[in-house]
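Please examine the sequence and the model shown below before working through the exercises. Each task is followed by a solution in steps.

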Amino acid sequence: MSGVKRKRNILNVKQKLEILQKLDKEESARTDAEDVLNEGNTVSHSAALQSMETLLDYMGQRGFDYGDITAVRKICVDIRQEMNKQHEEKLITGFLK
């Protein structure tokens, strides 16, 4: 079996954070990880933004480095800009129809 490659499922930040939060509540990590991986991989901008804000709260509580927190804030700004861009495109498309 040395030549056989296995497909690895990798959890994103939101999924990891959800599992950590459930672990804090003493729930089963294995079942939760499997449930998260079996869900669809599409995440809305608002869900992503909410997850990033939750991550910022967590990082603040745990005393993460200022540079790391700044990087996460930059991602939040990028998500908001993409949300606004898509919203404007929908408005323009709706107006032209």
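The exercises below proceed from the overall fold to individual residues and pairs.

This is a predicted model, in which local features need pLDDT of at least 70 and side-chain atom pairs count only at pLDDT 80 or more, while totals for chains, interfaces and linings use all residues. Residues are numbered from 1 along each chain as its sequence is written, and side-chain values use heavy atoms, with hydrogens and water left out.

**Exercise 1. Overall fold**

Task: State how many helices and strands the chain has, and what percentage of its residues count as buried.

Solution.
1. Helices (H or I, at least four residues) and strands (E, at least two) are taken as DSSP runs, numbered from the N terminus.
2. Under this definition the chain has four helices and zero strands, and its pattern along the sequence reads α-α-α-α.
3. A residue is buried under 20% relative accessible area, exposed over 50% and partly exposed in between, using a 1.4 Å probe and protein chains only.
4. Of the 97 residues, 16% count as buried.
5. Accessible areas come from the Shrake-Rupley method with a 1.4 Å probe, and for residues only the protein chains shown count as cover. The chain exposes about 8200 Å², of which carbon and sulfur atoms supply 52%.
6. Contact means heavy atoms within 4.5 Å. Among contacts with a separation of 6 or more, residues 24 or more positions apart account for 57%.

**Exercise 2. The largest nonpolar core**

Task: Determine which residues make up the largest nonpolar core, and which helix gives the largest share of this core.

Solution.
1. A nonpolar core is a set of buried Ala, Val, Leu, Ile, Met, Phe, Trp, Tyr and Cys residues joined through side-chain atoms within 4.5 Å.
2. The largest such core has 10 residues in all: Leu17, Leu49, Met52, Leu55, Leu56, Met59, Ile69, Val72, Cys76 and Ile79.
3. Helices α3 and α4 each supply at least two residues of this core, and the largest share, five residues, comes from α3.
4. As background, nonpolar side chains in soluble globular proteins tend to be buried together.

**Exercise 3. Leu55 and its surroundings**

Task: Decide whether Leu55 is buried or exposed, and find which residues are in contact with Leu55 beyond its neighbours within four places in sequence.

Solution.
1. Leu55 lies in helix α3, which spans residues 45–62.
2. Its relative accessible area is 14%, so Leu55 is buried.
3. With neighbours within four places in sequence set aside, Leu55 is in contact with Val13, Leu17 and Val72.
4. The C-alpha atoms of Leu55 and Lys14 are separated by 8.0 Å, although these residues are 41 residues apart along the chain.
5. Leu17, with the same exclusion of sequence neighbours within four places, is in contact with Ser51, Thr54, Leu55 and Tyr58.
6. Ser51 is also placed in helix α3. Ser51 is buried because its relative accessible area is 12%, and, outside its neighbours within four places, Ser51 is in contact with Lys14 and Leu17.

**Exercise 4. Salt bridges**

Task: Establish how many salt bridges are counted, and why the pair Glu53 and Arg80 ties together parts that are apart in sequence.

Solution.
1. A salt bridge is a side-chain nitrogen of Lys or Arg within 4 Å of a carboxyl oxygen of Asp or Glu. By this rule the count is two salt bridges.
2. In one of these, Glu53 pairs with Arg80, and the closest N and O atoms are 2.9 Å apart.
3. Glu53 lies in helix α3 and Arg80 in helix α4, so this pair ties together parts that are 27 residues apart in sequence.
4. Glu53 is partly exposed at 34% relative accessible area, and Arg80 is partly exposed at 37%.
5. Lys74 forms a salt bridge with Asp78, the closest N and O atoms being 2.7 Å apart.
6. Because Lys74 and Asp78 are four residues apart in helix α4, about one helical turn separates them.
7. Lys74 is partly exposed at 49% relative accessible area, and Asp78 is partly exposed at 34%.

**Exercise 5. A nonpolar surface patch**

Task: Identify which residues make the nonpolar surface patch of about 410 Å².

Solution.
1. Patches are made of residues with over 30% relative accessible area and no salt bridge; like charges are joined within 9 Å, and nonpolar side chains (Val, Leu, Ile, Met, Phe, Trp, Tyr) within 5 Å.
2. The patch is made by Ile92, Phe95 and Leu96.
3. Ile92 lies in helix α4, residues 66–96, and is exposed, with a relative accessible area of 52%.
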